[in-house]
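Q: I'm new to reading protein models and would like a close look at one part of this one. Could you take me through the largest pocket and the parts around it, step by step?

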Amino acid sequence: MKIKAINLEAAAAGQVDLSDEIFGLEPRADILHRVVRWQLAKRQAGTHSTLTRGETSYSTKKIYRQKGTGGARHGSRGVNLMRHGGTTKGPTPRSHAHDLPKAIRKLGLKLALSSKAKAGTLIVLDEAKLSEPKTKMLVEKLGKLGWSKALVIDGASVDENFARAARNLTGIDVLPSQGANVYDILRRDLLVVTKAGVEALEARLK
């Protein structure tokens with residue numbers, strides 16, 4: 001699959017031959033869903049917790065006598081029936097992470113790249129470099145290109161000036177090829193991959 005490359009001035013910068021095994025697959029929603037779910041589950045803090053009956057701060061003294069009150073029998077204010085009492089079988093701190101085979105993760109990344117290519121929202125950039133780390137300079141270049149929500153994937157490392165300039169822009173993410181992941185690819189309207197990024201991704205996913 002051949003695709004035209006451009007530079008940050010919106011000018012043509014040759015052609016790039018993309019591997020059909022990585023960028024030409026038929027997208028599968030089920031695989032993409034599994035990988036995104038796996039990613040988001042790993043991110044969950046899992047710190048949710050509620051007080052049980054034994055953790056509530058109340059006296060252990062019987063709250064009133066057993067008989068003669070005309071009401072139900074109670075021995076503690078910490079039970080779940082009482083206001084501010086403990087929670088029965090409430091959430092406790094735990095990890096939400098679950099296993100996903102490495103082959104499925106690898107396939108998911110290929111399918112995410114292929115889905116962008118098929119939708120026409122994959123752009124190959126000559127290089128993502130700036131002479132100065134100026135956000136204003138990058139905003140002007142992105143304005144010419146018409147990019148507002150994009151993920152930029154570079155090679156093994158990201159140009160420091162470009163990364164610092166993009167840090168203040170809400171809809172622009174910059175990642176090295178090793179950090180490319182399904183969730184970040186799908187959540188942005190455009191996927192921008194540099195020529196070095198294409199080589200690194202193809203080497204990673206072969």
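A: Here is a walk from the pocket to a pair of helices and then on to the sheet. Keep in mind that this is a predicted model.

Let's begin with the pocket itself. The largest pocket holds about 240 Å³ of space. Its lining is made up of Val35, Trp38, Gln39, Lys102, Arg105, Lys106, Leu109, Ala180, Asn181, Val182, Arg204 and Leu205. Try finding these residues in the viewer. Three elements give two or more residues each to this lining: helix H2 (29-43), helix H3 (102-119) and helix H7 (195-205). H3 gives the most, with four residues. Sorted by class, the lining has six nonpolar residues, four charged ones and two polar ones.

Now follow H3 and H7 away from the pocket. In general, two packed helices are described by the angle between their axes and the distance between the axes. For H3 and H7, the angle is about 145° and the axes are 11 Å apart. H3 passes H7 in a left-handed crossing. On the H3 side, the residues that meet H7 are Lys106, Leu109, Lys110 and Leu113, and their counterparts in H7 are Leu201, Arg204 and Leu205. This contact has four nonpolar and three charged residues, with no polar ones. You may recognise some names here: Lys106, Leu109, Arg204 and Leu205 are part of this helix contact and also line the largest pocket.

From H7 we can step across to the sheet. This is an open sheet of six strands in the order S2-S1-S3-S6-S4-S5, with mixed pairing. Strand S2 (12-17) and strand S5 (172-175) are the edge strands; each has a single partner strand, so one side of each has no neighbour in the sheet. From one strand to the next, the twist averages 30°. H7 packs on this sheet and touches strand S1 (2-6), S2, strand S3 (122-125), S4 and strand S6 (190-194), while its direction makes about 90° with that of S6.

Let's finish at the two edges of the sheet. At one end, S5 pairs with strand S4 (residues 150-153) in the parallel sense, over four bridges. Here Leu151 stands opposite Asp173 in S5. At the other end, S1 and S2 run antiparallel and are joined by four bridges. Ile6 has Ala12 in S2 as its bridge partner. S1 and S2 form a hairpin with five residues between them, and in the turn Ala10 has a positive phi of about 65°.

Terms used
Residues are numbered from 1 along each chain as its sequence is written. This is a predicted model: local features need pLDDT of at least 70, side-chain atom pairs count only at pLDDT 80 or more; totals for chains, interfaces and linings use all residues. Side-chain values use heavy atoms; hydrogens and water are left out. On a 1 Å grid over the protein atoms alone, a cavity is a set of points where a 1.4 Å probe fits but cannot get out, and a pocket is an open set with protein on both sides within 12 Å along at least five of seven lines; lining residues have an atom within 4 Å of a point. Grid points are joined across faces, edges and corners, and a volume is the space filled by probe spheres set on the points. Ala, Val, Leu, Ile, Met, Phe, Trp, Tyr, Cys and Pro count as nonpolar, Asp, Glu, Lys and Arg as charged, and the others, Gly among them, as polar. Axes are lines fitted to C-alpha atoms, for helices over the stretch in contact, and angles run from 0 to 180 degrees between N-to-C directions. A crossing is left-handed if the near helix is turned anticlockwise from the far one by less than a right angle, and right-handed if clockwise. Contact means heavy atoms within 4.5 Å. Two strands pair if DSSP finds at least two bridges between them.
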